[in-house]
Amino acid sequence: MLVKLENTTKKLCVIGDPVLHTRSPLLQNAMISEFGLDYVYLCQHVPKGETTRWLECAKFGGYVGFNATMPHKEALAPLMDGLDEVARLCGAVNTVCIRDGRAMGYNTDGGGFLRALGGLGVEPAGKRVMLLGSGGAAKAVAAALVGAGAAVTVCNRTLSKAEQVAAMAPGSIASADFKLETLRAVAADSGLLVNCTSLGMEGTASQFDDLTFLEALPREAAVCDAIYAPAETLLLKKARELGHPAMNGMGMLLHQAILALEHFTGQVLDVERAKAAALAALKNG
Ligand code: NAP
């Protein structure tokens with residue numbers, strides 16, 4: 001991978017605290033190199049509480065955009081001059097474009113999930129979706145699904161957090177608890193299941209206590225996990241055994257990065273080429 005630096009090269013970065021673990025520079029520079037774009041993508045540590053100061057620095061320092069990870073996504077939303085629909089609904093921004101001193105905020109996690117879902121041949125419009133979890137990923141996915149015409153039931157261990165997600169779009173999002181009998185009842189009434197909890201994620205000890213609620217889900221319903229490491233969680237394994245179409249979170253990860261680069265550059269990218277470049281970088285990096 002070679003990113004050529006010229007005096008004209010436009011600066012992008014990812015901010016976070018911590019930030020050194022992020023794969024965004026690897027993915028973005030691989031795509032920048034693949035398409036020969038005059039951009040470079042850096043990694044910038046911005047301490048919690050310094051979001052406003054960073055935005056001023058980014059504008060002054062000539063950045064044309066940046067991505068944000070924890071803990072800045074929610075702090076950025078009120079600082080933006082404009083928000084896309086998903087960012088507005090979920091109150092969190094992961095992509096900022098700076099033009100003429102104005103900052104436009106996007107949330108590409110939701111759109112990235114929808115693109116990945118499209119790759120599985122699933123159309124969310126008119127579907128009832130069972131969404132597990134109420135953290136940042138769940139909020140973005142819920143907002144995108146509602147925008148795409150789905151009705152969502154959010155099931156979460158902490159019910160009050162599910163209720164907060166439902167409050168984003170009352171009438172389109174309902175809330176429920178995480179008890180097995182509730183999960184069974186919601187599954188029976190759903191045409192798509194999305195896991196946005198961290199249950200099953202590499203590096204966490206936590207797993208679903210009981211996956212038998214999957215048996216209530218109609219067989220044609222797809223099962224999606226936002227988790228991409230491991231590539232197959234126990235949830236996805238069981239879903240595949242039961243005959244459900246299934247996908248992990250790798251597509252969401254790649255598509256949110258591609259969408260962000262499209263926002264930064266104002267160009268529509270060849271998605272297959274972008275995905276191949278990003279995947280190769282992940283494999284080799
Ligand atoms: P988060 O804000 O920390 O939310 C974690 C969620 O998991 C919460 O709803 C939490 O419930 C639930 N949870 C945690 N432990 C649980 C347990 N033992 N039993 C039941 N529920 C439990 O995390 P996030 O940022 O939303 O990320 C969630 C997952 O999505 C992670 O695995 C992350 O890797 C993945 N993700 C993937 C992508 C992608 O591009 N593919 C992007 C973002 C995130 P409570 O509210 O009760 O605590």
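Helices here are DSSP runs of H or I with at least four residues, numbered from the N terminus. With that settled, take Glu85, which sits in helix H4, residues 85-90. This is a predicted model, and Glu85 makes a handy place to start looking around. Its relative accessible area is 47%; since buried means under 20% and exposed means over 50%, with partly exposed in between, Glu85 counts as partly exposed. Now look across to Ala144: the two residues are 59 apart along the chain, yet 8.3 Å separates their C-alpha atoms.

That pair also leads into the domain layout. The chain splits into domain 1, made of 10-107 plus 251-284, and domain 2, which covers 122-244. Going by C-alpha atoms, the centres of the two domains lie 26 Å apart. Where they touch, domain 1 puts in seven residues and domain 2 puts in eight.

Step back to the whole chain, and you'll count 11 helices and 12 strands. The radius of gyration is 19 Å, close to the 19 Å that the globule rule gives for 285 residues, so the chain is as compact as a globular protein of that length. Along the principal axes, its C-alpha atoms fill a box of roughly 60 × 35 × 35 Å. Half the residues, or 50% of the 285, count as buried. As for how the chain meets itself, take the contacts between residues at least 6 apart in sequence: 64% of these join residues at least 24 apart.

On the outside, the chain exposes about 12,900 Å², with carbon and sulfur atoms supplying 53% of that area. Charges come to 26 positive and 28 negative side chains, and the centres of the two sets lie 2 Å apart.

Finally, some backbone details to check by eye. Most residues other than glycine have a negative phi, and most peptide bonds are trans. Against that background, three spots deserve a look. Met70 and Pro71 are joined by a cis peptide bond, with omega about 0°; Pro71 belongs to the loop that runs between strand E3 (63-68) and helix H3 (73-76). Another cis bond goes from Ala229 to Pro230, with omega near 5°, and Pro230 is in the loop between strand E11 (222-225) and helix H9 (234-241). Then there's Asp100, a non-glycine residue whose phi is positive, near 50°. You'll find Asp100 in the loop linking strand E5 (95-99) and strand E6 (102-106). With a relative accessible area of 83%, Asp100 is exposed.

Technical notes
Residues numbered from 1 in each chain as written. Predicted model: local features only at pLDDT ≥ 70, side-chain atom pairs only at ≥ 80, totals over all residues. Heavy atoms only, no water. Helix = DSSP H or I, 4+ residues; strand = E, 2+ residues; numbered from the N terminus. Rg over C-alpha atoms; globule rule 2.2 N^0.38 Å. Buried < 20%, exposed > 50% of the residue type's maximum accessible area, 1.4 Å probe, protein only. Contact = heavy atoms within 4.5 Å. Areas by Shrake-Rupley, 256 points an atom, 1.4 Å probe, with all protein chains shown as cover. Lys, Arg positive; Asp, Glu negative; His and termini not counted. Charge placed at Lys NZ, Arg CZ, Asp CG, Glu CD. Domains from an automatic or database assignment.
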